[in-house]
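Biologist: I have not worked with this model before, and I would like to take a close look at one part of it rather than a quick tour of everything. Please start from the place I ask about and then move outward from there.

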Amino acid sequence: MTVLPITSPLRAWAERRNILIGARAIAPGDEAKLWPEEARRLGSSLLDRLRASGAARGLARDLLSSLLAPPCAILADADRVPLWPPGFVGSLAHDETHALAAVARETDVAALGVDLEPARRLEPEMTALVATPAERARYDDELLGGVTLFVIKEAVFKALFPADRRFLEFRDVEVDLEAGIARARYGARCAFFWESGVKIYALATRES
Ligand SMILES: CC(C)(COP(=O)(O)OP(=O)(O)OC[C@H]1O[C@@H](n2cnc3c(N)ncnc32)[C@H](O)[C@@H]1OP(=O)(O)O)[C@@H](O)C(=O)NCCC(=O)NCCS
């Protein structure tokens, strides 16, 4: 089953920036979508792990082929950062049931990050770890108690980390939901868009 239909506002936001994004249910057999060197690099024998990564990489390869990228393995470096073919950027995510991938040409987007989570309430102790004091003052309990900021910040981290190699705590990122801008404490900035339903999806693009 493919999610993020053509009418998805997130997909439309992405496509305005020449980013291709897709999400799909993880299915038995998706582990076979991993190329042998990808499976070796993941270094896991857990079927669920291989299946989720296979689903995400299969999706990313489909999206890359729409951008006319040659078929290639999507390996990962020592920090788990996915390595894209020359001239392309991308990001992967998976939860227990779905895989998400986004790709773009480097000439259109400097870097991007994606994340997804089932829509759920955060454990109360997590709320305090995820939101900054300014966010707690600005947003209502409904938003602060859910995973929206968590998902956006993970997408931002994935967009920034590959180039900057700076670890970020959730509270090192300040999210302005109205402006669709997130700022890391050290100055890097992302634009983002998120979509909520049964799952929360976020896509972040590096702006500076
Ligand atoms: C990378 C991270 C954000 C999310 O990873 P996760 O919860 O394991 O799983 P997700 O499904 O969301 O994403 C997994 C994919 O992210 C990608 N990824 C992993 N580490 C990455 C990194 N450092 N930078 C960019 N992408 C990364 C990989 O492609 C991975 O898929 P794969 O293992 O199949 O190749 C998390 O593991 C992490 O490293 N967190 C520390 C920093 C953080 O979260 N700070 C708070 C937000 S600012």
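Biologist: Which residue follows helix H3, and is its phi positive or negative?

Modeller: The residue that follows H3 is Leu68, and its phi is positive, near 65 degrees. Please keep in mind throughout that this is a predicted model.

The helix itself, H3, covers residues 47-66, and its 20 residues should span 28 Å at 1.5 Å a residue, which agrees with the 29 Å between its end C-alpha atoms. Because 14 of the 20 residues of H3 are buried, this helix is largely enclosed by the rest of the structure.

From there we can turn to the nonpolar cores. The largest one has 28 residues, and within it Leu149, Val156, Val175 and Leu177 touch the most other members. Two or more residues each are contributed by helices H6 (141-144) and H7 (148-164), and likewise by strands S6 (173-176), S7 (181-184), S8 (189-196) and S9 (199-206). H7 supplies the largest share of this core, namely eight residues. If residues up to four places away in sequence are left aside, Val156 touches Val173, Ala182, Cys190 and Ala204. A separate core, lying apart from that one, is made of 20 residues, including Ala23, Ala102, Leu112 and Leu116.

Two of the contacts of Val156, Ala182 and Cys190, lead on to the strands, since Ala182 stands opposite Cys190 in S8. S7 and S8 pair in the antiparallel sense over three bridges, and the hairpin that these strands form has four residues between them, with Gly187 taking a positive phi near 110 degrees. S8 also runs antiparallel to S9, to which seven bridges join it, and in this second hairpin there are two residues between the strands. One of the pairings here is that of Trp194 with Ala202, its bridge partner in S9.

Cys190 deserves one further remark, because its relative accessibility is 0%, which means that it counts as buried. Cys72 also counts as buried, because its relative accessibility of 15% is under the 20% cut-off. As for disulfides, which would need a pair of cysteine sulfur atoms within 2.5 Å, the count comes to zero.

Technical notes. Residues are numbered from 1 along each chain as its sequence is written. This is a predicted model: local features need pLDDT of at least 70, side-chain atom pairs count only at pLDDT 80 or more; totals for chains, interfaces and linings use all residues. Side-chain values use heavy atoms; hydrogens and water are left out. A nonpolar core is a set of buried Ala, Val, Leu, Ile, Met, Phe, Trp, Tyr and Cys residues joined through side-chain atoms within 4.5 Å. Buried means under 20% relative accessible area, exposed over 50%, partly exposed in between (1.4 Å probe, protein chains only). Contact means heavy atoms within 4.5 Å. Two strands pair if DSSP finds at least two bridges between them. The expected span of a helix is 1.5 Å times one less than its number of residues.
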